[in-house]
Amino acid sequence: MTATILHADLDAFYASVEQLLDPSLRGKPIAVGGGVVLAASYEAKAFGVRGGMPGRRARELCPQLIFVGGHFKDYQRLGDAAIKVLGDFTPLVERISIDEAFADVAGCTHLFGSPAEIAQAIRRRVREELGLPISVGVARTKHLAKIASQVAKPDGLVVVDPARELEFLHDLPVELMWGVGPVTKAHLAAIGVQTIGQLAQMPGRSLERLLGHAAGEKLSALAWNRDPREIRTQHRARSAGAQSALGRKPAVERVFRPALAHLADRIGTRLRAKSLAGRTVTVRVRFADLRAVTRSVTLDAPIAATASLAEIAEELVRAALADHPEERHISLLAISVSHLAKHAVLQLELSLGLKHEERRPGTRRGLARHAADRAVDRIRDRFGWAAIGYGLVALGVVRSVPDAFRELAEKEL
């Protein structure tokens, strides 16, 4: 088969946009953010500065680091424009974030040349029309194309010959694989697995015992470039989520309650805007050493009420912290709602004095929460997000990551 899948990824996108808008920043180490690094230029990455890092730590690593506030409308505008360039070559484009997308060019080579020539044309147009660097990987599968684009960085092109796929893949570090984060990387390093080739040679059962059945089976397949996924042009999220990078904060209620209230507010608003509700609520707590734990609960009926989401998330976080009493600090909190239902049928319920009756959408107290949410939504639609809020959120919770940045990362529901 011919390599016709492209993965295009704008290089250090947010930082590159800032250097584009202010040419005096070019060639200098810059970071978008303040209390937390949202993104860093390659010049800053050379000093070890990374996204999600506390600003204080970033300045310790790179004293000459320049922090900029961020131009979020320009990020959206330029990200959209770059993805549109891919759409000028093929309708089979799957956007997976603000700054990256897959494209299948199998059906347009007779118009625009080989996949490699199309990739070169995309890179040239993005550079000439937008002034931004973009790296492109070309391969037979989505997973290998994404790895190729990472190898191509910064501002490069890598085409993987189908006859030499495993030769290319197996020499690469295992952390380039989709799904291998810091924790999984550490688990694999503990048993001497550093490269994708070493991972591929592991017996399947031993990998599953180490990482779990699903993760072990998936990584084993990807290590041999077995990835049957096709380009999905109408790709919508199956869950709604939001997260908050906290830096390094005490694992106490005065820290996690306001953060969870804000995340629940964002998620609930998004769900209601699309007439969606979800039955499963999941939280993720990341500790200071970057280890993370998750807790989830599946409800009898789908919910979208902000207060209910916040309360359930608080209970799950308390349970996670109780299971890890030795952890004194947290660095990130996340909430997601899955098992989504469109226009969920609301079954009215009699008041039976059940525990947490207000969380059951069909009860009198549950309907009152729904009415309050709708009123808040209408006010915000007319006067803006900041016009009204809920409890701790309305009191002005200090957030190190701007809401505009979070919105860029939210997938379409």
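## A walk through the model, starting at β1

Select β1 and β6 to begin: the two run antiparallel and are joined by 5 bridges. Strands here are DSSP E runs of at least two residues, and helices are H or I runs of at least four, numbered from the N terminus; two strands pair if DSSP finds at least two bridges between them. Before moving on, note that this is a predicted model, where local features need pLDDT of at least 70, side-chain atom pairs count only at pLDDT 80 or more, and totals for chains, interfaces and linings use all residues. Residues are numbered from 1 along each chain as its sequence is written, and side-chain values use heavy atoms, with hydrogens and water left out.

Stay on β1 and click D9, which sits opposite E100 in β6. Now add β7: β1 pairs with β7 too, antiparallel over 6 bridges, and A8 has V136 of β7 as its bridge partner.

How many residues of β1 are buried? 6 of its 6, where buried means under 20% relative accessible area, exposed over 50% and partly exposed in between, with a 1.4 Å probe and protein chains only. Colour I5, H7 and D9 on one side, then L6, A8 and L10 on the other; both faces are covered.

Next, pick L6, F13, I122, V126 and L132, the residues with the most contacts inside the largest nonpolar core, which has 38 residues. Such a core is a set of buried Ala, Val, Leu, Ile, Met, Phe, Trp, Tyr and Cys residues joined through side-chain atoms within 4.5 Å. Its largest share, 7 residues, comes from α4. Zoom in on I122: beyond residues up to four places away in sequence, I122 touches L6, V85, L86 and F89, contact meaning heavy atoms within 4.5 Å.

Then show α1 (residues 13–21) with α4 (residues 72–87), packed at about 105 degrees with axes 10 Å apart. Axes are lines fitted to C-alpha atoms, for helices over the stretch in contact, and angles run from 0 to 180 degrees between N-to-C directions. The two helices are therefore roughly perpendicular, a label for angles of 65 to 115 degrees. For the contact itself, select F13, Y14, V17, E18, L20 and L21 of α1 and D74, Y75, L78 and G79 of α4.

Last stop: V68, in strand β4 (residues 66–68). V68 counts as buried because its relative accessibility is 15%. Outside its neighbours within four places in sequence, V68 is in contact with E18, L25, A31, V32 and G33.

Technical notes:
Angles under 35 degrees count as roughly parallel, over 145 as roughly antiparallel, 65 to 115 as roughly perpendicular and the rest as oblique.
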